[in-house]
Amino acid sequence: MAETIDTADTATTSISALEHRHLLGLATYSAEEIQLILQTAREFREVLERPIKRVPTLRGVTVVNLFFEPSTRTRISFELAEKRLSADTVNFSASGSSVSKGETLKDTAQNIEAMKIDMAVIRHKSPGAPHWLTRCVDAVVINAGDGAHEHPTQALLDLLTMSEHFSSFKGLNVSILGDITHSRVARSNIFALTTLGANVTLCGPKTLIPYDIEHLGVRVTHRLDEALEGCDVAMALRIQLERQGSSLFPSLREYHDHFGITLDHMVRHPDLLIMHPGPVNRGVELASEVVDHERAIILNQVTNGVAIRMAVLYLLAEPPGEEESRPG
Amino acid sequence: MEPQDVIKAQLMDARDLDRTLDRMARRIVELIDPGSEEARAFALIGMQTRGVFLARRLQAKIQEVEGFEVPVGVLDATMYRDDFRRRLKQPVVRETRIPFDVTERHLVLIDDVLYTGRTVRAAMDALMDLGRPASIRFLAIVDRGLRELPIRADIIGRDVPTMPGEEVRVRLHEIDDREGVWLVENPRAK
């Protein structure tokens with residue numbers, strides 16, 4: 001029996017190209033742009049299931065990965081995405097490079113520019129470093145996390161993962177739990193989810209939620225039960241253990257008692273899906289059994305990360321010598 | 001039609017197109033020989049976008065006449081195109097869905113118009129990455145000439161030699177507001 005195939009519903013996006021030249025954050029991306037990235041990523045996900053997981057799409061495009069801050073999964077995910085698209089890649093990490101010899105970001109950038117690089121993926125501890133980089137190089141810049149500002153590709157892969165379970169973002173109830181203040185993941189997710197019409201609830205100790213963040217169109221609660229009531233997706237953020245000394249909460253144990261999701265919550269909310277940007281502290285944000293629960297879709301997020309980054313690289317790559325005046 | 005198109009001639013109406021597809025379906029059946037052992041190893045591959053609908057129509061016609069169902073796959077060769085560095089905007093990547101193993105299969109690749117041959121080249125590369133087909137044949141409704149690569153079609157509906165600046169538009173009722181084939185002048189084409 002041959003299968004019949006229905007493709008009539010594939011062309012769902014209303015635009016065919018991004019308005020932006022860079023991906024610095026999702027705050028200024030429109031719903032149509034976000035949907036275009038998600039739709040493109042779905043097609044690239046299919047490539048990842050083939051026997052030969054590589055397409056020649058970005059042959060001849062050179063991408064530099066500038067990681068000024070340690071990162072494992074984001075860096076590997078970007079590198080894989082670049083290789084799957086046949087781009088030439090150069091890696092640069094702060095340790096063991098000229099940065100440890102005192103070179104400034106500007107000098108590093110100008111050296112890279114002199115090497116004729118087409119695209120730069122940057123992770124930096126200072127918010128705004130990617131924006132600043134766009135002013136000193138001609139390359140297309142992709143933000144892979146800048147301080148506590150934004151981490152757009154993480155939010156996009158979160159959205160792609162959610163879209164596998166829900167047909168629309170309109171009216172979807174998403175709760176983001178934990179250290180909102182220091183989280184670039186939370187910020188990018190808030191921007192993208194509210195743009196797409198989802199209802200976002202933030203939950204965590206008062207010390208970890210910025211004052212007045214309701215201005216971004218989100219609901220804030222300090223009670224986990226309230227955050228999980230009627231919630232479709234709970235996204236737990238990593239408690240940064242290195243902030244333990246800064247008295248933002250009394251102890252990890254107490255944090256888990258008040259804000260950690262346990263098996264009991266999973267039983268009480270039988271449709272709740274659990275997400276986490278990783279790496280997880282088992283027994284802090286999520287009880288260990290919750291991490292391994294069938295409704296924890298954390299590893300799907302990782303798989304989708306490569307497809308999302310392929311889509312972003314594909315949509316932003318531009319032919320050489322084309323200096324269009326698109327807004328950053 | 002595209003917004004800038006100036007229609008020069010209608011090459012086929014709905015009835016002509018249907019007859020052409022009938023004839024092509026018979027040609028495919030001759031290749032397949034549905035009674036044979038080998039027949040199970042055949043499949044049609046429709047190229048996005050209109051090739052997909054053409055493949056489904058051919059599948060239905062073969063089914064009607066022979067009672068034999070040929071599987072259909074959908075291919076988008078955008079990721080394999082060679083003109084990436086010459087375009088201003090990226091084309092939208094559309095779905096590729098081939099619900100069978102292409103290795104050891106006899107494939108008939110289906111598109112609406114054969115022109116430079118570059119799309120077919122990209123499609124063949126894409127299929128090779130999916131496996132090792134036993135053979136690939138190519139079917140197009142119109143061959144408009146002006147080839148840039150050493151590629152030819154195995155089954156062709158009509159030969160229409162064209163000039164640069166002209167375009168051939170195949171329009172299908174499944175996705176268009178009309179049905180038939182037109183020769184147009186497009187001022188944006190080189």
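I counted helices and strands as DSSP runs, with at least four residues for a helix and at least two for a strand, numbered from the N terminus. I kept in mind throughout that this is a predicted model.

**Entry 1: chain B as a whole**

I looked up the elements of chain B and found 3 helices and 8 strands, which, read along the sequence, follow the pattern β-α-β-α-β-β-α-β-β-β-β. I then checked the radius of gyration: a compact globule with 190 residues would have a value near 16 Å, and chain B agrees with that at 16 Å. Along its principal axes, the C-alpha trace of chain B spans about 50 × 40 × 30 Å. Of the 190 residues in chain B, I noted that 39% are buried, and that residues 24 or more positions apart account for 68% of the contacts with a separation of 6 or more.

**Entry 2: the sheet of chain B**

I traced an open sheet in chain B, in which 5 strands are paired in parallel in the order β3-β2-β4-β5-β6. Because β3 (72-75) and β6 (155-159) of chain B stand at the edges with a single partner strand each, one side of each is left without a neighbour in the sheet. From one strand to the next, the twist averages 25 degrees. I followed one pairing further: β2 (residues 42-47) and β4 (residues 106-114) of chain B run parallel and are joined by 5 bridges, with Gly46(B) standing opposite Ile110(B) in β4(B).

**Entry 3: helices against the sheet**

I saw that helix α1 (residues 14-32) of chain B packs on the sheet, where it touches β2, β4, β5 (135-143) and β6 of chain B, and that its direction makes about 155 degrees with that of β6(B). Helix α3 (residues 118-130) of chain B lies across β2, β3, β4 and β5 of chain B, and runs at about 155 degrees to β4(B).

**Entry 4: helix α2 of chain A**

I turned to helix α2 (residues 73-84) of chain A, whose 12 residues should span 16 Å at 1.5 Å a residue, and the end C-alpha atoms are indeed 16 Å apart. Which residues of α2(A) are buried? I listed Thr74(A), Ser77(A), Phe78(A), Ala81(A), Glu82(A) and Arg84(A). Seen down the axis of α2(A), these buried residues fall within an arc of 165 degrees, so they line one face of the helix. An α-helix has 3.6 residues a turn, so residues three or four places apart point the same way. What covers the buried residues of α2(A) includes α1 (31-47), β1 (62-67), β2 (88-93), β3 (119-124), β4 (140-146) and α11 (298-316) of chain A. Lastly, I noted that α2(A) is followed by Ser86(A), which has a positive phi near 65 degrees.

How values were computed. Residues are numbered from 1 along each chain as its sequence is written. Chains are lettered from A and ligands numbered from 1 in the order in which they are written. This is a predicted model: local features need pLDDT of at least 70, side-chain atom pairs count only at pLDDT 80 or more; totals for chains, interfaces and linings use all residues. The expected span of a helix is 1.5 Å times one less than its number of residues. A residue is buried if 20 or more other C-beta atoms lie within 10 Å of its own, exposed if 12 or fewer, and partly exposed in between; C-beta atoms are placed from the backbone. The arc is that of the directions from the helix axis to the C-beta atoms. Two residues are in contact if their C-beta atoms, placed from the backbone, lie within 7 Å. The radius of gyration is taken over C-alpha atoms; the globule rule is 2.2 Å times the number of residues to the power 0.38. Two strands pair if DSSP finds at least two bridges between them. Axes are lines fitted to C-alpha atoms, for helices over the stretch in contact, and angles run from 0 to 180 degrees between N-to-C directions.
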